[in-house]
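I sat down with this model today and kept notes as I went. Here they are, in case you want to follow along on your own screen.

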Amino acid sequence: MDFQAGPLPGLFIIDPRIFGDARGHFLETYRKDLFAANGIHEDFVQDNQSLSGKGILRGLHFQAPPHAQGKLVRVLQGRVLDVVVDLRRSSPTYGRWFSLELSPEKGRMFYMPPGFAHGFQALRPDSTLLYLVSSAYRDDLEDGLHPHDPAVGICWPLAVTLMT
């Protein structure tokens, strides 16, 4: 796996090695030792999957401390614009956002530590997102930012067909 530091502290873009042959392909999507060697020491405790139609916008969600969630995100089918906003008040990039497209062709993954709001917009029909989280979901600690908040200024690529 190739780990690239993202433009905001703590973010990583991870490209797995894909081994293909006439039967199909194989790739590792998580290895604790390789993640730890690159400074990611999460204990992932929950696995979530989301299916969205083209234009659907989900987020920007986060879970408050002490159960803030680190996330490892990847797309199984379709294509999404994945977006994070730095909510760590002590961070030099507090309030800034970053986005990248994810699709299954390269198997690219995106890691964000606790302290980020997360959302995505499906760019194709039947976009399926899979993500591991470092803290179990707690509805009493869930919160969010409005995805069209002018103070954040995210540029979503498609007209929104539904927000959740």
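The entries below go from the sheet to the cavity and then to single residues.

**Ground rules.** I am working from a predicted model, where local features need pLDDT of at least 70, side-chain atom pairs count only at pLDDT 80 or more, and totals for chains, interfaces and linings use all residues. Residues are numbered from 1 along each chain as its sequence is written, and side-chain values use heavy atoms, with hydrogens and water left out.

**Entry 1: the sheet.** I began with the strands, which are DSSP runs of E with at least two residues, numbered from the N terminus (helices are runs of H or I with at least four). I took two strands as paired if DSSP finds at least two bridges between them. As a reminder to myself, strands of a sheet pair through backbone hydrogen bonds, either parallel or antiparallel.

In what order do the six strands of the open sheet run? I read β1-β2-β10-β7-β12-β5, with antiparallel pairing. The edges are β1 (2–5) and β5 (46–52), each of which pairs on one side only. On average, neighbouring strands here are turned by 20° against each other, direction ignored; the axes behind that angle are lines fitted to C-alpha atoms (for helices, over the stretch in contact), and angles run from 0 to 180 degrees between N-to-C directions.

I then looked at one pair inside this sheet. Strand β2 (residues 12–15) and strand β10 (residues 109–112) run antiparallel and are joined by three bridges. I found Phe110 in β10 as the bridge partner of Ile13.

**Entry 2: a hairpin.** I moved on to β3 and β4, which form a hairpin with two residues between them. Residues 18–21 make up β3 and residues 24–27 make up β4, and the two pair in the antiparallel sense over four bridges. Asp21 has Gly24 of β4 as its bridge partner.

**Entry 3: the partners of β6.** I listed three pairings for this strand.

- With β11, β6 pairs in the antiparallel sense over three bridges, and Arg58 stands opposite Phe120 of β11.
- With β13, β6 also has three bridges in the antiparallel sense; Gln63 is matched with Glu142 in β13.
- With strand β14 (residues 162–163), β6 runs parallel, joined by two bridges. Here Met163 in β14 is the bridge partner of Leu57.

**Entry 4: the cavity.** How many cavities of 30 Å³ or more does the structure hold? I count one, with a volume of about 40 Å³. A cavity here is a set of points, on a 1 Å grid over the protein atoms alone, where a 1.4 Å probe fits but cannot get out, and lining residues have an atom within 4 Å of a point. Grid points are joined across faces, edges and corners, and the volume is the space filled by probe spheres set on the points.

Among the lining residues I noted His61, Phe62, Gln63, Lys71, Phe116 and His118. The elements giving two or more residues to the lining are β6 (56–63) and β11 (116–122), and β6 gives the most, with three. By class, I have four nonpolar, five polar and one charged residues. For that tally, Ala, Val, Leu, Ile, Met, Phe, Trp, Tyr, Cys and Pro count as nonpolar, Asp, Glu, Lys and Arg as charged, and the others, Gly among them, as polar.

**Entry 5: His118.** I stayed with this lining residue, which lies in strand β11. Is His118 buried or exposed? His118 counts as buried because its relative accessible area is 5%, where buried means under 20%, exposed over 50% and partly exposed in between (1.4 Å probe, protein chains only). Its side chain makes a polar contact with the side chain of Asp82 at 2.9 Å. A polar contact is a pair of N or O atoms within 3.5 Å; within protein, one must be able to donate a hydrogen and the other to accept it, and residues adjacent in sequence count only if both atoms are side-chain atoms.

**Entry 6: backbone oddments.** I marked a cis peptide bond between Gly59 and Leu60, with omega about 10°; Leu60 is in strand β6. Pro65 and Pro66 are also joined by a cis peptide bond, with omega about 10°, and Pro66 sits in the loop between β6 and β7 (71–77). Asp126, in the loop between β11 and β12, has a positive phi of about 55° although it is not a glycine. With a relative accessible area of 46%, Asp126 is partly exposed.

Technical notes: On a 1 Å grid over the protein atoms alone, a cavity is a set of points where a 1.4 Å probe fits but cannot get out, and a pocket is an open set with protein on both sides within 12 Å along at least five of seven lines; lining residues have an atom within 4 Å of a point.
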